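The following exercises treat selected features of one structure. Each task is followed by a solution in steps.

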Amino acid sequence: MHDDHFLAFKFHWLNEQGQQTTLFRKKGNFDGDILTLETTELPVESIIHAELREMKLALSYATGNERDPVGVLLIQLTSKKEAEQLKKLLDLSRSAVWAKQHKLELEKKGQGDRFRDAICPQCDATLILTDLPATPQLYCHFCDSLSTLDPESEPIKEERGLRICEECGMYTRPLKFTILYIYILLVINGFWQKQTWRCPPCMRGDAWKMLFGNLLFVIGVPVAIVQLVRSYGGSSVGGRFKGLDTGNIKARKGDLVGAVTSYRGILERVPVTAGVKYNLGVALLAQGDEEKAASSFEVALRDCANYAPAFHQLLRLYPRLGQTEKLKELQRLWSAGEDQTGEDQSGMEEEQIFSADEFE
């Protein structure tokens with residue numbers, strides 16, 4: 001047991017729709033090696049993926065059963081603080097265990113000098129970088145962050161919070177939004193609500209629908225107005241990344257020239273940023289220019305060798321472009337981090353256990 005990694009907590013079991021299935025809270029704990037949920041025990045190295053939404057945690061794990069190799073558990077903790085602490089402890093422990101296992105495997109083959117890892121500056125998880133070239137940026141698939149590693153410069157504070165939006169698939173700053181409808185009729189009244197994580201531009205359509213949908217009964221209008229204001233820039237990306245959402249909006253509307261202009265302004269202030277170059281690739285892909293899109297994703301990987309979003313785009317593009325040699329080299333570089341649990345330790349994109357809307 002690792003005392004500094006021990007956490008006791010209480011939780012409720014959830015069904016696939018994110019609804020509680022237990023009336024009374026259950027006891028759980030994590031000691032750095034084993035996650036105990038009531039009578040269920042999961043070794044930390046078996047946990048393939050952990051995804052957190054507020055107080056709700058979804059876990060996929062290796063069962064050891066050939067017929068059903070992956071299991072899924074959904075729980076809700078009693079406080080957001082405990083949920084975030086548990087997620088961080090799980091990521092710290094499982095990433096460190098996988099890195100240690102990977103290093104030992106290489107040493108058994110007499111290839112220990114190939115091993116390379118790094119610590120995420122934002123969540124402290126251990127990231128395996130074996131065989132990948134050293135680049136100025138680092139991607140963490142545990143917290144989905146992209147960080148610039150420059151010991152001679154101050155950290156770029158605006159990078160914190162920048163992620164891939166689950167709605168539009170572009171590098172931006174997703175925020176938590178509330179969608180709420182309240183109705184009052186003669187025989188029935190009630191409300192419908194969900195919370196979603198997306199960038200402000202992606203929320204605008206739903207914000208307008210919510211405003212007009214709540215006008216009849218008025219009560220839900222204040223919430224709709226707040227979400228509408230936030231979606232139009234109350235918490236938009238600023239600082240050195242000012243113009244990122246503008247560029248993304250133009251890219252999604254097919255205005256490639258406008259998008260490039262916005263992105264160029266950011267790149268003049270932040271020359272090394274895989275996320276912006278990735279967005280350019282997405283914009284080019286939407287225009288049907290697969291060759292230029294692939295080139296943009298390649299440039300993104302030169303900024304951040306383990307940037308999973310760019311890797312997955314190239315994995316799909318290279319076969320269509322007939323670039324078999326590039327595909328083989330890409331797969332060779334990224335295969336080093338694959339672990340026997342099925343998790344990609346180099347930062348490959350993890351399969352999402354639930355959608356943000358389903359699990360809220």
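**Exercise 1.** Determine whether Trp 98 is buried or exposed, and describe its ring pair with Phe 142.

*Solution.* Step 1. Buried means under 20% relative accessible area, exposed over 50%, and partly exposed in between (1.4 Å probe, protein chains only). Trp 98 has a relative accessibility of 0%, and therefore counts as buried. Phe 142, at 5%, is buried.

The model is a predicted one: local features need pLDDT of at least 70, side-chain atom pairs count only at pLDDT 80 or more, and totals for chains, interfaces and linings use all residues. Residues are numbered from 1 along each chain as its sequence is written, and side-chain values use heavy atoms, with hydrogens and water left out.

Step 2. Rings of Phe, Tyr and Trp (its six-membered ring) pair if their centres lie within 6.5 Å; planes under 30 degrees apart count as stacked, over 60 as edge-to-face, and the rest as tilted. By this rule there are 8 aromatic pairs. In one of them, the ring centres of Phe 11 and Trp 13 are 5.1 Å apart and the planes stand at 85°, so this pair is edge-to-face. Phe 11 and Trp 13 are both buried. For Trp 98 and Phe 142, the centres are 6.2 Å apart and the planes are at 25°, so the pair is stacked.

Step 3. Helices (H or I, at least four residues) and strands (E, at least two) are DSSP runs, numbered from the N terminus. Trp 98 belongs to helix H1 (residues 80-108) and Phe 142 to the loop between S10 and strand S11 (145-148), so the pair ties together parts that are 44 residues apart in sequence.

**Exercise 2.** Check the span of helix H8 (residues 308-321) and state what covers its buried residues.

*Solution.* Step 1. The expected span of a helix is 1.5 Å times one less than its number of residues. For the 14 residues of H8 this gives 20 Å, and the end C-alpha atoms are 20 Å apart, which agrees.

Step 2. The buried residues of H8 include Phe 311, Leu 314 and Tyr 318. Among the elements that cover the buried residues are strand S10 (137-140), helix H6 (274-286) and helix H9 (324-335), where contact means heavy atoms within 4.5 Å.

Step 3. Just after H8, Gly 322 has a positive phi of about 70°.

**Exercise 3.** Describe how strand S6 (residues 56-62) is paired and covered.

*Solution.* Step 1. Two strands pair if DSSP finds at least two bridges between them. Strand S5 (residues 47-53) runs antiparallel to S6 and is joined to S6 by 6 bridges; Ile 47 has Tyr 61 as its bridge partner in S6.

Step 2. S6 also pairs with strand S7 (residues 70-77), in the antiparallel sense, over 7 bridges. Here the partner of Ala 62 in S7 is Val 70.

Step 3. S6 is mostly covered, as 6 of its 7 residues are buried. The hairpin of S5 and S6 has 2 residues between the strands, and Glu 54 in this hairpin takes a positive phi near 60°.

**Exercise 4.** Locate Asp 124 and Asp 131 and assess their phi values and exposure.

*Solution.* Step 1. Most residues other than glycine have a negative phi, and most peptide bonds are trans.

Step 2. Asp 124, although not a glycine, has a positive phi of about 70°. Asp 124 sits in the loop between strand S8 (117-119) and strand S9 (126-128), and at 39% relative accessibility is partly exposed.

Step 3. Asp 131 has a positive phi near 75°. Asp 131 occupies the loop between S9 and S10 and, at 28%, is partly exposed.
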